[in-house]
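Biologist: I am new to this structure and would like to go through it slowly, asking at each step what stands behind the words you use. Could you show it to me and begin with the terms?

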Amino acid sequence: AGRIVPGSRKAILSNRIVIIAHASSSWTMSAPQDLVKLPFQYLSLANPDAVPAGKYARQYLSGFQVKGKTLWEILSPKVAPTLDVRAALAVVAADPSIVGIVYRTDAVVSNKVKILFEIPEKDVPPIVYTAARIQRPDAPYSARMFYEFLFTKDAQRIFQEHGFAPLEAKVAAR
């Protein structure tokens, strides 16, 4: 609607996709193909037909071959799609026989799961969060100050504590 202040939309944070297991699990992974060896019952992930994190997971797993099949082809019968990433996380947190694929920021807030494998940034589309100022004649001064705070070292430290990877502020594409 043309309400963004020109030049104010900037990328400030990124996220990652991770493979998780119940915190009590003894499972380990050093490569995505290790999923084939793990004796899990279900692979919990956000709906791969509708939710970005699920789409990223399917895309990622489709990129690896094991004995002539993609990981997605091998693992899709075990997929337990959920409404969203938090639901996928909750399923893994509730059942030690389930692994999941979620955002890193969701995994780090739970003490009931552990990260088995962090999917490299280069292997999925960029997961980037942006901020922008809105043009409003009555915009409060505090809104502008909050926007500016998002780019400070203090804000970046807080974001990192919650699992985000700060980015150098850059003007984001629309």
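Modeller: Let us begin with burial: a residue is called buried under 20% relative accessible area, exposed over 50%, and partly exposed in between, with a 1.4 Å probe and protein chains only. Please keep in mind that this is a predicted model, in which local features need pLDDT of at least 70 and side-chain atom pairs count only at pLDDT 80 or more, while totals for chains, interfaces and linings use all residues. Residues are numbered from 1 along each chain as its sequence is written, and side-chain values use heavy atoms, with hydrogens and water left out.

Biologist: Why is T82 called buried or exposed?

Modeller: The relative accessibility of T82 is 12%, and since buried means under 20%, T82 counts as buried. T82 belongs to strand β6, residues 79-82, where helices (H or I, at least four residues) and strands (E, at least two) are DSSP runs numbered from the N terminus.

Biologist: What makes the approach of the T82 side chain to the backbone nitrogen of A88 a polar contact?

Modeller: A polar contact is a pair of N or O atoms within 3.5 Å; within protein, one must be able to donate a hydrogen and the other to accept it, and residues adjacent in sequence count only if both atoms are side-chain atoms. The T82 side chain reaches that nitrogen of A88 at 3.3 Å, so the distance falls within the limit of 3.5 Å. Taking contact to mean heavy atoms within 4.5 Å, and leaving aside neighbours within four places in sequence, T82 also touches other residues, among them S44, L45 and V91.

Biologist: How do you know that R16 and E118 form a salt bridge?

Modeller: The term asks for a side-chain nitrogen of Lys or Arg within 4 Å of a carboxyl oxygen of Asp or Glu. In the pair of R16 and E118 the closest N and O atoms are 3.2 Å apart, so the pair meets that limit. This pair links distant parts of the chain, with R16 in the loop between β1 (10-14) and β2 (17-22) and E118 in strand β8 (residues 113-118), 102 residues apart. As a general background, side chains of opposite charge can pair when their charged atoms come close.

Biologist: How many salt bridges does the structure hold, and where do R144 and E148 lie?

Modeller: The structure holds nine salt bridges. R144 and E148 form one of them, with the closest N and O atoms 3.0 Å apart, and both residues lie in helix α5 (residues 141-149), four residues apart, which is about one turn of the helix. Elsewhere, salt bridges that share partners join R16, R104 and E118 into one network.

Biologist: In the salt bridge of K37 and D34, which term applies to K37, and which to D34?

Modeller: Their side chains meet at 3.7 Å, N to O. K37 has a relative accessible area of 68% and is therefore exposed, whereas D34, at 13%, counts as buried.

Biologist: What makes a group of residues a nonpolar core, and how many residues has the largest one?

Modeller: A nonpolar core is a set of buried Ala, Val, Leu, Ile, Met, Phe, Trp, Tyr and Cys residues joined through side-chain atoms within 4.5 Å. The largest has 42 residues, and those with the most contacts inside it are L35, L43, L61 and I101. Among the elements that give two or more residues to this core are β3 (42-46), α1 (52-61) and β7 (98-103). Apart from it lies another core, of seven residues, including I12 and F159.

Biologist: Why is I115 called buried, partly exposed or exposed?

Modeller: I115, which lies in strand β8, has a relative accessible area of 33% and is therefore partly exposed.

Biologist: Where is K67 found, and what term fits its accessibility?

Modeller: K67 is found in the loop between β4 (65-66) and β5 (69-70). Its relative accessible area is 86%, so K67 is exposed. K67 also has a positive phi of about 50 degrees although it is not a glycine.

Biologist: What does the secondary structure come to, and what share of the residues is buried?

Modeller: The protein has six helices and 10 strands, and of its 174 residues 40% count as buried.
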